[in-house]
Each structure stands twice: as C-alpha cells, then as structure tokens.
Amino acid sequence: MAFETIYSRTFLVKIFGWPQSLQDMAFEAAKHAALDPDLHTYKRDYLTPFRQKHPTTNHQYTLFFTLHNQSHIFVVWINDSTCLHDTRANFQDPCRKEFERLKKAGQLENYDALKHHVQFEVHPDPTKPIRCHSSYLGYDIYLNSYIIGGTEFVGHAFLCEEPNPEIAKIHTREFLVLLHKHLSQKNFNLKFQFTKIGHDEEIALLTNTYNASQWKIVDDPEDFILELTSNRS
C-alpha cells in the first residue's frame with residue numbers, strides 16, 4: 001500500500017509555476033517514491049535523513065523527501081532548470097550543491113503536522129451557529145453561516161486567504177470534504193448562498209473544487225448556491 005504523500009509549500013509553489021508536463025513529471029516522481037520509500041536506490045549516506053528520487057522521464061531533476069512514522073513521505077524540494085542534475089566526471093553536481101546550500105542556510109522546510117495537513121475546526125457561537133475555519137500551509141479558510149431552522153444553515157461568507165491559486169484549490173477541496181463529514185456526523189444541512197455580483201473568485205474556486213457526490217450547484221439567476229446532495233456520508 002502506498003504511503004501518504006505530503007508536500008512542502010516550497011515544492012508546490014515551485015512546480016505550480018512550471019509547464020504542465022514538468023508538473024506531471026514532479027508529481028509522478030513523488031507518487032512513485034511513495035510506493036516504496038525504503039528502496040535502497042533512494043538512500044545516500046551523505047543525505048540522511050533525506051532521500052532522493054529521479055523522475056523516470058528526466059534524470060536532470062531530483063526530488064528530495066523524508067520518511068515519517070512509516071506512514072507518509074514528506075516531499076521537501078525539487079531542483080529546477082537553474083541547477084539541473086549533472087554528474088560528469090570532475091564536475092560538482094549543481095543540484096546537490098544547491099540542495100546543500102539551502103540545507104546549510106536552514107531554508108528547507110521541516111515537516112510540521114499542524115502546517116502540512118489541513119486543520120479543520122468548527123466554533124460554536126450563538127450568533128453564528130456554524131463558524132468553520134481551516135488552515136493549510138500558513139493560510140486560512142473561513143466560512144460563516146446563519147441558521148434558518150433547527151438543522152438548516154446558510155453559509156453566506158466564504159473566504160480563502162491562500163494567494164497561490166493552485167494551492168487554494170487543494171485547500172478548498174479538502175475543506176469541502178471535511179465540512180461535509182462534519183455536517184453528516186451532526187445530521188445538519190448547509191448550503192453556500194451569496195450573490196453572484198462581486199464574488200467571481202469565490203464562485204470559481206468552489207465550482208472547481210467541490211465533489212459532485214457530496215455537493216451540487218443549484219441553478220439560480222441571482223445567487224450562487226452550493227448545497228449538500230445528502231446530509232449523510
């Protein structure tokens with residue numbers, strides 16, 4: 001069974017700036033490393049505790065990762081075109097040189113469960129019966145709602161503070177999954193509903209990340225409405 005793959009912010013920000021083909025290459029290398037991160041070919045004594053994996057399609061790139069709790073790998077860094085892997089005789093590998101520089105300077109991210117996993121919580125509040133919050137890689141999502149019945153809530157204020165649009169999708173997708181799980185456990189119903197005017201970014205983000213087995217968009221001429229398909233998981 002494959003290990004769970006956790007990504008550093010540094011890694012994600014870098015590769016989301018690459019062409020799609022290189023993004024696919026980087027993610028595929030991480031996915032492949034997670035199948036068996038204990039492979040001897042990934043280990044180098046001089047890298048411990050880090051391990052390395054070359055993408056199958058291009059060995060000029062090197063992905064660096066660490067292993068945690070025998071359950072997941074943490075993808076720390078990958079080189080780019082400014083320091084491609086090169087092992088010619090009597091030539092210092094630019095990739096390893098840059099990795100060592102970052103390590104020595106303390107610029108490589110350390111795994112932090114509270115930062116690198118989505119942290120989801122709901123705050124009870126008499127004026128906001130469901131006030132949801134999540135954090136991921138240093139940025140937050142907020143959802144405020146009001147009650148319209150004993151178990152019916154309307155989410156009227158949604159905010160994702162993440163500046164990177166691709167990481168925002170990752171965060172919002174997980175937020176919606178965790179929100180659905182919470183509502184299902186409480187046997188509550190909730191729908192996002194706010195005017196379409198002035199909320200293009202929020203609408204695009206929610207539209208591109210919701211799970212159709214859990215949520216559905218309701219056709220409405222004035223408001224954007226995203227509601228649960230069911231209140232049970």
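**Group meeting: cores, salt bridges and two cysteines**

K14 is buried, at 18% relative accessible area. That is my starting point today. A caution before I go on: this is a predicted model.

So what does a buried lysine do with its charged end? In this model, the side chain of K14 meets that of D80 in a salt bridge, with 3.7 Å from N to O. The two partners come from distant parts of the chain: K14 is in helix α1, D80 is in the loop between β4 and α3 (94-104), and 66 residues separate them. D80 is buried as well, also at 18% relative accessibility.

How many salt bridges does the structure hold? Seven. I will show two more of them.

Take R51 and D38. Their side chains meet at 2.8 Å, N to O, in a salt bridge. Again, distant parts of the chain are linked: R51 belongs to strand β2 (residues 51-53), D38 to the loop between α2 and β2, 13 residues away. Here the burial is uneven. R51 is buried, with a relative accessible area of 15%. D38 is partly exposed, at 34%.

Now E227 and K216. This salt bridge has an N to O distance of 3.7 Å. It runs from strand β11, which holds E227, to strand β10 (residues 215-218), which holds K216; they are eleven residues apart. Both ends are partly exposed: E227 at 22% relative accessibility, K216 with a relative accessible area of 40%.

Next, the nonpolar packing. The largest nonpolar core has 26 residues, and the members touching the most others are F11, L12, W18, L63, I73, V75 and I78. Which elements build this core? At least two residues each come from α1 (9-15), α2 (20-35), β3 (63-68), β4 (72-78) and α5 (165-186). Helix α2 gives the largest share, six residues. There is another core, apart from that one, with 22 residues; L143, L190, F192 and F224 are among them.

Zoom in on I78. Leaving out residues up to four places away in sequence, I78 touches F11, K14, I15, W18, A26, Y61, T62 and L63. Note K14 in that list. The lysine of our first salt bridge is back.

W77 also sits in strand β4. W77 is buried, at 4% relative accessibility. Not counting neighbours within four places in sequence, W77 contacts T10, F11, K14, T62, L63, F64, C83, C95, E98, F99, L102 and L108. One distance for scale: W77 and I167 are 90 residues apart in sequence, with 16 Å between their C-alpha atoms.

Contrast that with F153. F153 lies in strand β8 and is buried, also at 4%. F153 and H59 are 94 residues apart along the chain, and their C-alpha atoms are separated by 52 Å.

Back to the contacts of W77, which include two cysteines, C83 and C95. Both cysteines are buried: C83 at 6% relative accessibility, C95 at 1%. How many disulfides does the structure hold? Zero. Why do C83 and C95 not form one? The sulfur of C83 has its closest cysteine sulfur in C95, 5.7 Å away, which is too far for a bond. From the other side, C95 has its closest cysteine sulfur in C83, at that 5.7 Å. The cut-off is 2.5 Å between sulfur atoms.

Last stop, helix α6, residues 200-207. Which residues of α6 are buried? I203, L205 and L206. They lie on the same side of α6, because they cover an arc of only 165° around the axis. In general, an α-helix has 3.6 residues a turn, so residues three or four places apart point the same way. Turned away from the buried side of α6 is a face with the exposed residues D200 and E201. And what covers the buried residues? The cover includes β8 (152-160), α5, β9 (189-195) and β11 (223-228). Two of those you have met: β11 holds E227 of the third salt bridge I showed, and β8 holds F153.

To close, three things to look at on screen. First, K14 and D80, both ends buried. Second, C83 and C95, with sulfurs 5.7 Å apart and no bond. Third, α6, with I203, L205 and L206 buried, and D200 and E201 on the face turned away.

How values were computed. Residues are numbered from 1 along each chain as its sequence is written. This is a predicted model: local features need pLDDT of at least 70, side-chain atom pairs count only at pLDDT 80 or more; totals for chains, interfaces and linings use all residues. Side-chain values use heavy atoms; hydrogens and water are left out. Buried means under 20% relative accessible area, exposed over 50%, partly exposed in between (1.4 Å probe, protein chains only). A nonpolar core is a set of buried Ala, Val, Leu, Ile, Met, Phe, Trp, Tyr and Cys residues joined through side-chain atoms within 4.5 Å. Helices (H or I, at least four residues) and strands (E, at least two) are DSSP runs, numbered from the N terminus. Contact means heavy atoms within 4.5 Å. The arc is that of the directions from the helix axis to the C-beta atoms. A salt bridge is a side-chain nitrogen of Lys or Arg within 4 Å of a carboxyl oxygen of Asp or Glu.
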